[in-house]
Amino acid sequence: MNATSCNHAKEADRFTADQPRVQWHDQALWFVRAKRDTAAHAVEEWEQLRETASQIKRHTLARLPEYLEQFEENALRLGAQVHWARDADEHNRIVLRILQQHGVHKLVKSKSMLTEECHLNPFLEQHGVEVVDTDLGERIVQLRSQPPSHIVLPAIHIKKEEVGQLFHQCLGTEPGATDPKYLTEAARGHLREKFLEAQAGLSGVNFAVAETGGVIVCTNEGNADLGTSLPRLHIACVGIEKIVPRAADLAVFLRLLARSATGQPITSYTSHFHGPISGGELHIVLVDNGRSRIRADRQFWESLKCIRCGACLNTCPVYRRSGGYSYQHTIPGPIGSVLGPLKDAKKNYSLPYACSLCGSCTDICPVKVPLHHQLLTWRGEIVRRGLLPWRKWLEMKAVSWVLRNRRRYQWSGKLARWAVRWMPRWMLYNRLNDWGKSRELPEFPRKSFRELYRNRNGRNQ
Amino acid sequence: MQVGLFIPCYIDQLFPDVGMATVEVLEKLGVQVDFPIEQTCCGQPMANTGCIEDTRPLAERFLAIFRDYPYVVCPSGSCVSMVRHHYEAYLAGRPGFEELKRKTMELCEFLVQVLGVERIDARFPHRVGLHNSCHGHRELRLGAASELVIRPYNKVRKLLESVDGIQLTELDRPDECCGFGGTFAVNEQAVSTLMGMDRLQDHQQAGSEVITAADMSCLMHLDGLIRRNGKPLRVMHVAQIFAGRPLPGSPQATSLAK
Ligand code: SF4
């Protein structure tokens, strides 16, 4: 439409052009979805857990300022240092300042979608800090200079052959190697060095507990633990929506998170950080970056309940076939399509339309974000703000005008059915007909239902 | 019992036999069917594009046309869901709207819940794959969605199972979206097509001869792909199976056509 907006359908074309890859991508993610189903179905009270989690989140968001203050107080008491960042820029500057104060020029990071959202890596690199992502998937995309394509499985779009090639170039592994075990070992050796050299570790946070001041980080590789215990300095970056009131609430969320994300009963490592390690420092950066605005939004505030489990991506039939990059937003998939326009409605106007409204995301979400309803609500907003391409807008106006009058509707129907029956194929199937690019049109019948019905009743009477 | 028959615009114009089959099924069960001729469309295409102001007059028409019927029955889960779940924005507080929401029902739902039908008196000796159309499945809850941890049930499937001679096939992904999605089918043509092709593949591996659904729109999309790609599959709306229609293209059907 215009230079500042991205069009999901166009971006998707790049991914869908390679059909075997689409199929492979779809199946890899469906495999995760199936694992999730098995894990969820093993928990009898699953639906109750979802409801409870949703209630806790609703409650917490309603009283967020109080819980944030309580969290700060308790975190300080435990000896952590707490920083508040209004936006991405302030967050990045705070992190840089902490690093500079400690003379850090080598940083290891574990997974954090928040720092992706803030574009922290390029910012730090510009200021002379070497940043190494230590989550295997994140490291792979980092070595390829790509962003993650999924919020839990950052390199899900990359095949093992491609990883082999990449590692051969970057880490000196055997050419043509594809054995996942061999490649993982190589990455482990490479990362081990980075861990040892690092002067600071940065992690994301899954939950921050108000009543204790502790932060909880869930990983499967233990990289967050190594990265925050070898160096003396740990920076934990937290979106303000990650607060939960009580430690007991973790019993609800931890059961839901890993099952929803990967189908594991629990992540391999669930690390609780209560204050700094002895002789070290723990800095907690609480980041708003638009969250307060979303919280105040009457229509979309529930999107803040999200715990970033990725289940809605895995189940989304569009995401699985269009790939993470087609969304052109840090967070792809259903939740990204709600959050994207909240960040920039003009740029991301097409995301709420990248959805068949199947509703699978809404049913799978462990915290009951009403995802497909929010996407539909967004469409209304897009139109209200005049962001829908004018041709589509006009089409709908015309269709609505026809449908508002029975005779107009009947005549238009008759005319269309007649025309389609008589039109030669080249007139029906051309580049103007998006339906017909890959599908036959239905066979247009001579008589409509209402005509048949009238005839029949006429005869009966 | 009298019902107002709500036939979605695309069924009226493109699939008249689905409407006729619906009438026959209801009448056979003793229901008095009335088709108010003023009806056109529920407004879903506009609503799903976000064109709220272009939907409003259609919602208002719908209420005026159907408000006096004891029940409104429709052979499309998606259009029923539009009335029940999405008219709120246009009609909240209007006299008759709360009742309209309660009494507007999808065909299978009406058969099971209101008429208490347990057996369909029809014969269809074929291998049939049920496509659980999303809006009927996840908004009207015609069946238990695979995402939810609840007791399994499926009203459409239950009725189909009672048809004489029918063999229902088992899919790998029993409730994945077919990719129709209204204007999605053209806005996101490539992804929509891939989704549909995957459904066809699943039905083929399961051995379906016929794909059926409670929504003709999904079937229109799937049939378009079937015919373009020469797949050995057919589509039929559930009402057509319930009404005893033969398999399209079968010798029986051809002799009827003559
Ligand atoms: S919206 Fe729900 S399903 Fe999607 S990532 Fe967030 S918590 Fe998971």
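Here's a quick tour of how two protein chains, and the domains inside them, fit together. Keep in mind that this is a predicted model. Chain A and chain B bury about 6300 Å² between them, and twelve salt bridges are counted across that boundary. Each chain is also split into domains: three of them in chain A and two in chain B.

**Where chain A meets chain B**

- On the chain A side, 80 residues are in contact with chain B, which puts in 71 residues of its own.
- Of the roughly 6300 Å² buried by the two chains, 58% sits on carbon and sulfur atoms.
- Three residues stand out here: M396(A), R439(A) and F449(A) supply 12% of the area that chain A buries against chain B, more than any other three residues.
- Polar contacts turn up too, with 43 residue pairs found across the interface of chain A and chain B, both partners at pLDDT 80 or more.
- Looking for a helix to start from? Helix α2 of chain A, residues 19–41, gives the most to the side that touches chain B, with eleven residues.
- That side of chain A divides into 31 nonpolar, 21 polar and 28 charged residues.
- One of the salt bridges between the chains pairs E176(B) with R320(A), and their closest N and O atoms are 2.4 Å apart.

**Inside chain A: domains 1 and 2**

- Domain 1 of chain A is made of two stretches, 1–41 and 310–393, and domain 2 also takes two, 43–158 and 199–293. Domain 3 covers 405–460.
- Measuring from C-alpha centres, domain 1 and domain 2 of chain A lie 24 Å apart. Their contact takes 30 residues from domain 1 and 31 from domain 2.
- These two domains of chain A bury about 2500 Å² between them, with 56% of it on carbon and sulfur atoms.
- Two salt bridges are counted between domain 1 and domain 2 of chain A. K343(A) forms a salt bridge with E117(A), and the closest N and O atoms there are 3.9 Å apart.
- The same pair of domains has 15 residue pairs in polar contact, both at pLDDT 80 or more.
- On the domain 1 side, the elements giving two or more residues are α2, α14 (311–315), α16 (333–343) and α17 (360–364) of chain A. Helix α2(A) gives the most to this side, with eleven residues.
- By class, this side of domain 1 of chain A has 17 nonpolar, seven polar and six charged residues.

**Inside chain B: domains 1 and 2**

- Chain B is assigned domain 1 at 2–114 and domain 2 at 127–257, with 21 Å between their C-alpha centres.
- Here 30 residues of domain 1 are in contact with 21 residues of domain 2.
- About 2100 Å² is buried between the two domains of chain B, 64% of it on carbon and sulfur atoms.
- Two salt bridges are counted between these domains. R245(B) forms a salt bridge with D17(B), with the closest N and O atoms 2.9 Å apart.
- There are also 13 residue pairs in polar contact between the domains of chain B, both at pLDDT 80 or more.
- Several helices of chain B each supply at least two residues to the side of domain 1 that touches domain 2: α1 (9–14), α2 (16–28), α3 (44–49), α5 (77–86) and α8 (107–114).
- That side of domain 1 of chain B has 14 nonpolar, eleven polar and five charged residues.

**A sheet in chain A**

- Four strands of chain A form an open sheet with mixed pairing, in the order β8-β5-β6-β9.
- Strands β8 (243–244) and β9 (269–273) of chain A stand at the edges with a single partner strand each, so one side of each is left without a neighbour in the sheet.
- Strand β6 of chain A, residues 215–219, runs antiparallel to β9(A) and is joined to it by five bridges.
- In β9(A), S271(A) is the residue that stands opposite V217(A).

**Salt bridges overall**

- Over all chains, the count comes to 58 salt bridges.
- E302(A) forms a salt bridge with R58(A), the closest N and O atoms being 3.2 Å apart.
- This pair links distant parts of the chain, 244 residues apart: E302(A) is in the loop between α13 (291–295) and α14 of chain A, while R58(A) is in helix α3, residues 46–62, of chain A.

How values were computed
Residues numbered from 1 in each chain as written. Chains lettered and ligands numbered in written order. Predicted model: local features only at pLDDT ≥ 70, side-chain atom pairs only at ≥ 80, totals over all residues. Heavy atoms only, no water. Domains from an automatic or database assignment. Contact = heavy atoms within 4.5 Å. Buried area = accessible area lost by both parts, 1.4 Å probe. Salt bridge = Lys/Arg side-chain N within 4 Å of Asp/Glu carboxyl O. Polar contact = N/O pair within 3.5 Å; in protein donor to acceptor, adjacent residues only side chain to side chain. Nonpolar A, V, L, I, M, F, W, Y, C, P; charged D, E, K, R; others polar. Pairing = 2+ DSSP bridges.
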